[in-house]
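Please look over the notes below with the structure open beside you. They deal with surface patches first and with one loop residue after that.

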Amino acid sequence: MLLLRCPLLLLLLPLSSRPQKLPTRDEELFQMQIRDKAFFHDSSVIPDGAEISSYLFRDTPKRYFFVVEEDNTPLAVTVTPCDAPLEWKLSVQELPEEASGEGSGEPEPLEQQKQQITNEEGTELFSYKGNDVEYFVSSSSPSGLYQLDLLSTEKDTHFKVYATTTPESDQPYPELPYDPRIDVTSLGRTTVTLAWKPSPTASLLKQPIQYCIVINKEHNFKSLCAVEAKLSSDDAFMMAPKPGLDFSPFDFAHFGFPSENNSGKERGFLKSSSKFGRQTSSKPRVDLHKVCIGNKNIFTVSDLKPDTQYYFDMFAVNTNTNMSTAYVGTFARTKEEAKQKTVELKDGKVTDVFIKRKGAKFLRFAPVSSHQKVTFSVHSCLDAVQIQVRRDGKLLLSQNVEGVRQFQLQGKAKAKYLIRLKGSKKGASMLKILATTRPNKQSFPSLPEDTRIKAFDKLRTCSSVTVAWLGTQERNKFCIYKREVDDSYNEEQKKREQNQCLGPDTRKKSDKVLCKYFHSQNIQKAVTTETIRGLQPGKSYLLDVYVIGHGGHSVKYQSKLVKTRKFC
């Protein structure tokens, strides 16, 4: 079989003095022409041994031709629907007789050749309707003109066609193993491990094969062509191709797979696959993901959602031909999240809570007596946390908390409170929480809005530094501690150590400078200063101030890095 260029039937040869003869396969010429994509533009002839990609408008049939010149010729035809079911039919009719011209040397007129091909009813060999990849295979086919008629009744769609008279030697599609199923070998809340048997094309024929996994939540796919169509399902993709571009919208050289050098580099479920060159829509991408992993036959899909059903498809791709074969797809539901244990809060008692990164914890407070108000005190030790409080299902409070915060809510007889604490996206969260129906019960000390420590540079000496911090109207105990650090100690290290819930009891006795009580009824004058002596010249120190409440609970101010003068 040989491709010819002709806008209508493309089986009509240029006029010549010799009798007309339909094309056959000249391997050397075929290999030269198949590399020239433009050679097949607007062609209705299927080349022997090459897969073509084309499109159908809805309810507009399309016809392709190819010729088998000799009887008892093997024949294989494969039709791959992409994004819509197809109706297709394969038929054969006798070849038109060669023109004789009654010895005049003149060829038959062009219109007469057309009628010889199209006016005769062929013999139907096979027909199919659906969206499966379907095959017609015959080990011994008669000579004749073969017609392939295709129709899409649902919508405009792409499709692929492959035909060959040498199916045994060509073998462009990877062969499936005797068991083509995908096995789910491990199932977690966010991961699924898949395994499959290798394609004999790789293990026996030693041809380059890579495997591509497709994950989605809707259904299994029957071809990689259908996957690529879904990934590019926008208006631009379904428009009629521009002249010169309609032979292969997928393009032989850019079918959507990474090269061998990139095989296996894409690991995550969220990696997106390549896009078609003419995709212009700004629509959000569908929840469908493809990852090609080289020649491995086991893969763990990660970053899945708990208690969610996913569909998994595996395609073996011959990287020499860019043609693929689908394994039998499977599906699996990830495991449920472990049910959250609800922590019971006791009236007036501080509870420590640890939350994993991006995690959440649930607490319950059920006062035993009637009450007019309920107070929640929260001390976030590290980054900000989110607190939500519901009373008998009704949302009363939703706030982000940094440092120490206190919330007073209206009470209700026999009410039950559900507290949801959500951690930081940056890392794990630690906090202390107290719930009470007694407004005067305050375990956490009151804090000023600004918990920084200020150092006075002009009062710095070789052996002392002077610092100041703010207080409140409430009389509290303040303790100041120092620790010598290396000159390389920086703000990033200080930030990592900024756990406000660690109290003075975690410090060495030698770190302690002094403790004192302090308050002021005039909030504008609630400032105290302290000079720390006995330091070494040119050394760096980390200073911490702890405020200790009446209940014994302490809160640390923001640490301050200071350095003594080297020369005085």
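1. Phe354, Leu382 and Met430 together make a nonpolar patch of about 240 Å² on the surface. Please keep in mind throughout that this is a predicted model.

2. Within that patch, Leu382 belongs to strand E20, which runs over residues 373-391. The relative accessible area of Leu382 is 32%. Patch members need over 30%, and Leu382 is therefore open enough to count, although only as a partly exposed residue.

3. A patch of positive charge also lies on the surface, where Arg357, Lys358, Lys422 and Lys425 gather. One of these, Lys422, sits in strand E22, residues 417-422.

4. Is Lys422 buried or exposed, or somewhere in between? Its relative accessibility is 36%. Buried means under 20% and exposed over 50%, so Lys422 is classed as partly exposed.

5. Leu459 is not in a strand but in the loop that links strand E24 (454-455) to strand E25 (465-470). With a relative accessible area of 46%, Leu459 is partly exposed; the value falls short of exposed because that class requires over 50%.

6. Which residues does Leu459 touch, apart from its neighbours within four places in sequence? The contacts of Leu459 are with Ser464 and Thr466.

7. Leu459 and Thr531 are 72 residues apart along the chain. In the model, a distance of 9.0 Å separates their C-alpha atoms.

Technical notes. Residues numbered from 1 in each chain as written. Predicted model: local features only at pLDDT ≥ 70, side-chain atom pairs only at ≥ 80, totals over all residues. Heavy atoms only, no water. Patch = residues over 30% accessible without salt bridge, like charges linked within 9 Å, V, L, I, M, F, W, Y side chains within 5 Å. Areas by Shrake-Rupley, 256 points an atom, 1.4 Å probe, with all protein chains shown as cover. Salt bridge = Lys/Arg side-chain N within 4 Å of Asp/Glu carboxyl O. Helix = DSSP H or I, 4+ residues; strand = E, 2+ residues; numbered from the N terminus. Buried < 20%, exposed > 50% of the residue type's maximum accessible area, 1.4 Å probe, protein only. Lys, Arg positive; Asp, Glu negative; His and termini not counted. Charge placed at Lys NZ, Arg CZ, Asp CG, Glu CD. Contact = heavy atoms within 4.5 Å.
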